[in-house]
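Biologist: I am new to this structure and would like to learn how to read its features one at a time. Could you take me through them, giving the general idea before each case?

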Amino acid sequence: MASPTKSALSSKPPFEQRASRSRGRSVLMPVDGSVHSERAVNWYLDHLHRDGDHVIFFHSVEMPSFESLGVSGPTDLRSEEFKMLVDEQQCSVNRIKQACEKVIREERLSAEFYAADHSSNIGANVVKVAKEKVVSVIVIGSRGQGKIKRTFLGSVSDYVLHHARLPIAIIPPPEPPANKSL
């Protein structure tokens with residue numbers, strides 16, 4: 001018969017629970033080069049980071065399509081314009097990767113940078129990578145959009161919150177300064 005003091009939530013004894021926590025976690029950090037993702041990285045470092053964590057900095061690449069340029073394929077006259085957009089995206093990915101590598105070096109993190117273009121839905125990409133990489137937690141910045149903007153424009157953090165089946169820390173923007181009336 002089970003002891004009434006034993007937690008119904010876990011079959012592991014408390015010592016084994018604590019031991020498994022000390023092995024580290026896999027933390028997914030979606031990054032896009034914005035102040036919002038930078039704020040999330042800093043929050044993680046200041047409040048959540050533990051020795052043994054492995055951080056996966058993930059950038060969802062938004063590669064242009066020929067359709068977005070209104071052309072049918074690479075033989076169209078706009079193929080040079082398409083190549084320029086691809087080059088710009090690659091430069092952006094490199095810039096974000098370098099920023100992540102700087103944080104990895106300075107903070108001496110066990111970490112990696114991963115970029116992928118699974119779909120045009122960035123939130124779906126984050127959820128897919130979280131599953132593929134078997135992460136323990138996602139730490140993501142939020143732009144702090146109001147309800148109406150979120151409804152019409154969509155929100156990556158909102159999508160991740162409702163579709164990922166694991167703990168998520170959504171880091172909001174700072175409170176705006178209060179208006180002082182004279």
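Modeller: Let us begin with a term that we shall need for single residues: a residue counts as buried when its relative accessible area is under 20%, as exposed when that area is over 50%, and as partly exposed in between. Please keep in mind throughout that this is a predicted model.

Biologist: With that term in hand, is Val134 buried or exposed?

Modeller: Val134 has a relative accessible area of 64%, and because exposed means over 50%, Val134 counts as exposed. Its place is in the loop between helix 4 (122–132) and strand 4 (137–141).

Biologist: How should I read the backbone angle phi, and what is the phi of Val134?

Modeller: The general idea is that most residues other than glycine have a negative phi. Val134 is not a glycine, and yet its phi is positive, at about 50°. Arg108 is also a residue other than glycine with a positive phi, here of about 55°. Arg108 lies in the loop between helix 3 (79–107) and strand 3 (110–116), and with 78% relative accessibility it counts as exposed.

Biologist: How many helices and strands does the chain have, and in what order do they run?

Modeller: The chain has six helices and five strands, and read from the N terminus on they follow the pattern α-β-α-β-α-β-α-β-α-α-β. To see how such a chain is held together in space, one can ask how far apart along the sequence the contacting residues are. Among the contacts with a separation of 6 or more, 71% are made by residues 24 or more positions apart.

Biologist: Which residues would show me such a long-range approach?

Modeller: Take Pro167, in the loop between helix 6 (156–163) and strand 5: its C-alpha is 8.8 Å from that of Val139, although the two are 28 residues apart in sequence. Leaving aside neighbours within four places in sequence, Pro167 is in contact with Ser136, Val137 and Ile138. Another case is Ala124, which is found in helix 4 and whose C-alpha is 7.4 Å from that of Tyr159, 35 residues apart along the chain. Apart from residues up to four places away in sequence, Ala124 touches Ser119 and Tyr159. Gln89 in helix 3 is a further example, since its C-alpha and that of Glu62 are separated by 7.4 Å while the residues are 27 apart along the chain. At a relative accessible area of 15%, Gln89 is buried, because that value is under 20%.

Biologist: What share of the chain is buried, and which residues have the most contacts inside the largest nonpolar core?

Modeller: Of the 182 residues of the chain, 31% count as buried. The largest nonpolar core has 20 residues, and those with the most contacts inside it are Met29, Val31, Tyr44, Phe57, Phe113 and Val139. Two or more residues of this core come from each of strand 1 (26–30), helix 2 (35–48), strand 2 (54–60), helix 3, strand 4 and strand 5 (168–171). There is also a second, separate core of 13 residues, which includes Phe58, Val127, Val129 and Ala130. As for Met29, its contacts, not counting residues up to four places away in sequence, are with Ala40, Val41, Tyr44, Val55, Ile56, Phe57, Phe58 and Val139.

Biologist: And how do I read empty space, for instance the second largest pocket: what volume does it have?

Modeller: In general, rolling a probe the size of a water molecule over the atoms shows where empty space is left. The second largest pocket here has a volume of about 380 Å³, and among the 19 residues that line it, the closest to its centre are Glu38, Val41, Ala99, Cys100 and Val103. Helix 2 and helix 3 are the elements that give two or more residues to this lining, and the largest share, nine residues, comes from helix 3.

Biologist: Finally, where does the charged end of Lys133 sit?

Modeller: The charged end of Lys133 sits over the ring of Tyr114, at 4.4 Å from the centre of that ring. Where rings pair with one another, the structure holds one aromatic pair.

How values were computed: Residues are numbered from 1 along each chain as its sequence is written. This is a predicted model: local features need pLDDT of at least 70, side-chain atom pairs count only at pLDDT 80 or more; totals for chains, interfaces and linings use all residues. Side-chain values use heavy atoms; hydrogens and water are left out. Helices (H or I, at least four residues) and strands (E, at least two) are DSSP runs, numbered from the N terminus. Buried means under 20% relative accessible area, exposed over 50%, partly exposed in between (1.4 Å probe, protein chains only). A nonpolar core is a set of buried Ala, Val, Leu, Ile, Met, Phe, Trp, Tyr and Cys residues joined through side-chain atoms within 4.5 Å. Contact means heavy atoms within 4.5 Å. Rings of Phe, Tyr and Trp (its six-membered ring) pair if their centres lie within 6.5 Å; planes under 30 degrees apart count as stacked, over 60 as edge-to-face and the rest as tilted. A charge sits over a ring if NZ of Lys or CZ of Arg is within 6 Å of the ring centre and within 35 degrees of the ring normal. On a 1 Å grid over the protein atoms alone, a cavity is a set of points where a 1.4 Å probe fits but cannot get out, and a pocket is an open set with protein on both sides within 12 Å along at least five of seven lines; lining residues have an atom within 4 Å of a point. Grid points are joined across faces, edges and corners, and a volume is the space filled by probe spheres set on the points.
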